[in-house]
Amino acid sequence: VTVEVEGWTRTTCVYCAVGCQMEVGRRGARVVAVRPAASPVNRGHLCVKGRYAFEFNHSPERIAWPMIRDGEGWRRVSWDEALDFTAAKLRAIVAAHGADAIGVLGSARATNEENYLAQKFARVVLGTNNIDCCARVCHTPSAKALKTMLGTGAASNGFDDIELAGAFLICGANPTENHPVVGARIKQAVLNGARLVVIDPRRTELAGLADVHLAPRPGCNVPLFNAMAATLIEEDLLDHAFIGERVAGLDEFADFIVDYAPERVAMECGVSAADIRAAARLYAAGRPSMCLHGLGVTEHLQGTEGVMTLINLALLTGNLGRPGAGINPLRGQNNVQGAAHMGCDPATLPGGQSFKEAGARCASAWGAPLPERHGRNLLQMVDAAAAGELKAIWAFGYDIYLSLANVAETTRALSELELVIVQDLFLNETAKAFGSVFLPAASFLERDGTFMNSDRRVQRIRQVVPAPGEARPDWWIIQQLAARLGRAEGFDFAGPQAIWDEVRALWPEGAGLSYARLEHESLHWPCPDEQHPGTPVLYQSSFPVGQRATLAAIAYLPTPEQTDADYPLLLLTGRTLYQFNAGTLSNRTPDAVLRPADTLDMAPADATRLGLADATPVRVTSRYGEVVLPLRISRQVQPGQVFATFHGSEPLVNRLTSSIRDLQVQAPEYKVTAVRVTAA
Ligand code: SF4
């Protein structure tokens, strides 16, 4: 089909955190075409989502005016009425219950500037540290582990390094489907000779190409990674020069790790000791070896500890501080790294800075003391709502109800709230079930700003078409609400660039990331001044925690979510190539026909044993709820396990998942749920 395009605008893909650059063609006020742009990230490629999944922007379901819920129905209102209503409710809740009765959630689909403004609103206008974002449920364990052990809670290496790696260790990630352009680059590097170890319970496409594929029992990452560390030490596969200069605690760690020798833990992990040893040898010999991990590592009871045990492997083999190596979380949504890094986290300020580092600077710049009380994270907000302590929540670009584990508990909690402010493109499931007021947001194609890739690279997004009707950018909505709550000053920015300049003034590592530079290039922080070239590779000479990083002795703690006679199968959840996360955007595009419904994948042997036929509906029951899904017999899953996607509201797969959370940062354990499956 020939499409007549009136003009092209360069911007950044809104889907995954690879952050591909694209040119978007418009005709009149409509987006009509997308083509890849030259960029060191995507090198002329886009995946099926970036290339074709943009029609959500003009979906007839788009809500382009503010609404207030009256009784059971929604009433269209003016911006003035919506903002006055919201401000009055917030003011009344603060007066009656205090500022900590309100929670604010930033968004991985909003810009850095908007997330910065959201946390400033929570801290300065409301006076609470109850600010968080969806990073809580995915890679907060990665950020916590990396910050604790090395000093920076983000990926150590840029995507530019992929072709430099001699070996890859891919853990709990399926980049072919979830970060497709990176997945294709890894595949090409492997075809060009790089060695590949994949650790994943499922036989993904990359697992099929791997020199070693370890398919552990879900929940066993810590003993498995420990067993690889034990192999490195026992077989002396260490980088002694690197350890001598930059690693502490080897003797104590060596004493601890003997209990995790592969032969001792292989049975618990469900893999062979020989394969564990082979994986460790390949990782050590490939140097530089790049480790990339996903939610199969983080979304566990020991998610943070799982990442820490991966960092041990990099420290033992000298795979940090050099190109082609590193520990690299594959972040989920486009700006999830940026949302948390801009201060949408109860415990940190913009730039990922602690209150000790930047509290005085922020308070002085914002003209207000910072709230001293600890803030609640997203999961703690839900708990507080259930307990009647949280009265209001403001979520933009995030569907809480659809996304959180254990829908029954989420429902109980959200039902207790007096005020639920939803700011989105669509009347999402949270709005439909619990919303009090709906504020219509502009999409990424209708506003300016910056996004931050999974690899710390900051890039521009640019407005392509006008927002429909009365939809407005998130930053404008926050600004208007701040003014109504008596804080016009400090929020009266002319636009995203002015907000970003305030961010740079408060964040020393981002000071050099000016719009003037970002107009022509993408830059990795740290970038402390306008002459600095940016830092694609962290830790080249030292770690922010000091000259030496310390190995972490992490004991394995099995999840309480175990199979038994009633629930004999383990359910894993994950994503597919043609959809993205909760499907809010991708379900409203032509791509949806490629994967129109969530399915339950089951090994052929289990399907035969249970008498279940392909493409028939099956009932999946856990200790927390049940859903009916179409069965898909698949050789990707192991016997004893099943796999479900979670891209839609019906059936809502999170009815099955538990309330078990990461021990340190409370990310839900989406990856291990005991279930039974019967014919529906
Ligand atoms: Fe967009 Fe990710 Fe696909 Fe790139 S790989 S086009 S960023 S969805």
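Me: Two strands pair if DSSP finds at least two bridges between them. In this predicted model, which residue is the bridge partner of M602 in β24?

Reply: Start with the strands. β22 covers residues 600–602, and β24 covers residues 626–633. Three bridges join these two strands, and they run parallel. In β24, M602 is partnered by I633.

Me: Which residue in β24 is the bridge partner of T621?

Reply: β23 spans residues 617–622. Five bridges link β23 with β24, in the antiparallel sense. A hairpin of three residues connects the two strands. Within β24, the bridge partner of T621 is E626.

Me: Which strands stand at the edges of the open sheet of seven strands?

Reply: The strand order is β5-β4-β16-β15-β14-β6-β7, with mixed pairing. An edge strand here has a single partner, so one side is left without a neighbour in the sheet. That describes β5 (73–76) and β7 (131–132).

Me: Inside that sheet, which residue in β15 stands opposite A395?

Reply: β14 runs over residues 392–396 and β15 over residues 419–424. The two strands are parallel and share five bridges. Opposite A395, in β15, stands V422.

Me: By how many degrees are neighbouring strands turned in the open sheet with the order β1-β2-β3?

Reply: This open sheet has three strands and antiparallel pairing. β1 (7–12) and β3 (30–36) are at its edges, each with a single partner strand, so each has one side without a neighbour in the sheet. Ignoring direction, the average turn between neighbouring strands of this sheet is 35 degrees.

Me: Which residue in β3 stands opposite R27?

Reply: β2 takes in residues 21–27. β2 and β3 pair over six bridges in the antiparallel sense. The β3 residue standing opposite R27 is R30.

Me: Are α2 and α21 parallel or oblique to each other?

Reply: α2 spans residues 79–97, and α21 spans residues 474–484. Their axes are 9 Å apart, and the helices pack at an angle of about 55 degrees. The crossing is right-handed. Angles under 35 degrees count as roughly parallel, and 65 to 115 as roughly perpendicular. The pair is therefore oblique.

Me: Is the crossing of α4 and α14 left-handed or right-handed?

Reply: α4 holds residues 140–149 and α14 holds residues 303–317. Their axes come within 8 Å and cross at roughly 45 degrees. That angle makes α4 oblique to α14. As for the hand, α4 passes α14 in a crossing that is right-handed.

Me: How far apart do the C-alpha centres of domain 1 and domain 2 lie?

Reply: The chain is divided into three stated parts: domain 1 (67–134 + 347–441 + 469–495 + 502–510), domain 2 (140–330) and domain 3 (569–679). Domain 1 is listed in several segments, and domain 2 as 140–330. Between the C-alpha centres of domain 1 and domain 2 the distance is 37 Å.

Me: Which helices each supply at least two residues of the shell around the ligand?

Reply: There are 14 residues around the ligand, and C13, Y15, C20, C47 and G50 come nearest. By type, nine residues of the shell are nonpolar, four polar and one charged. The helices that each supply at least two shell residues are α1 (48–52) and α6 (180–191).

Notes: Residues numbered from 1 in each chain as written. Predicted model: local features only at pLDDT ≥ 70, side-chain atom pairs only at ≥ 80, totals over all residues. Near = placed C-beta within 6 Å. Helix = DSSP H or I, 4+ residues; strand = E, 2+ residues; numbered from the N terminus. Nonpolar A, V, L, I, M, F, W, Y, C, P; charged D, E, K, R; others polar. Domains from an automatic or database assignment. Axes fitted to C-alpha atoms, helices over the stretch in contact; angles between N-to-C directions. Parallel < 35°, antiparallel > 145°, perpendicular 65-115°, else oblique. Left-handed = near helix turned anticlockwise from the far one by under 90°.
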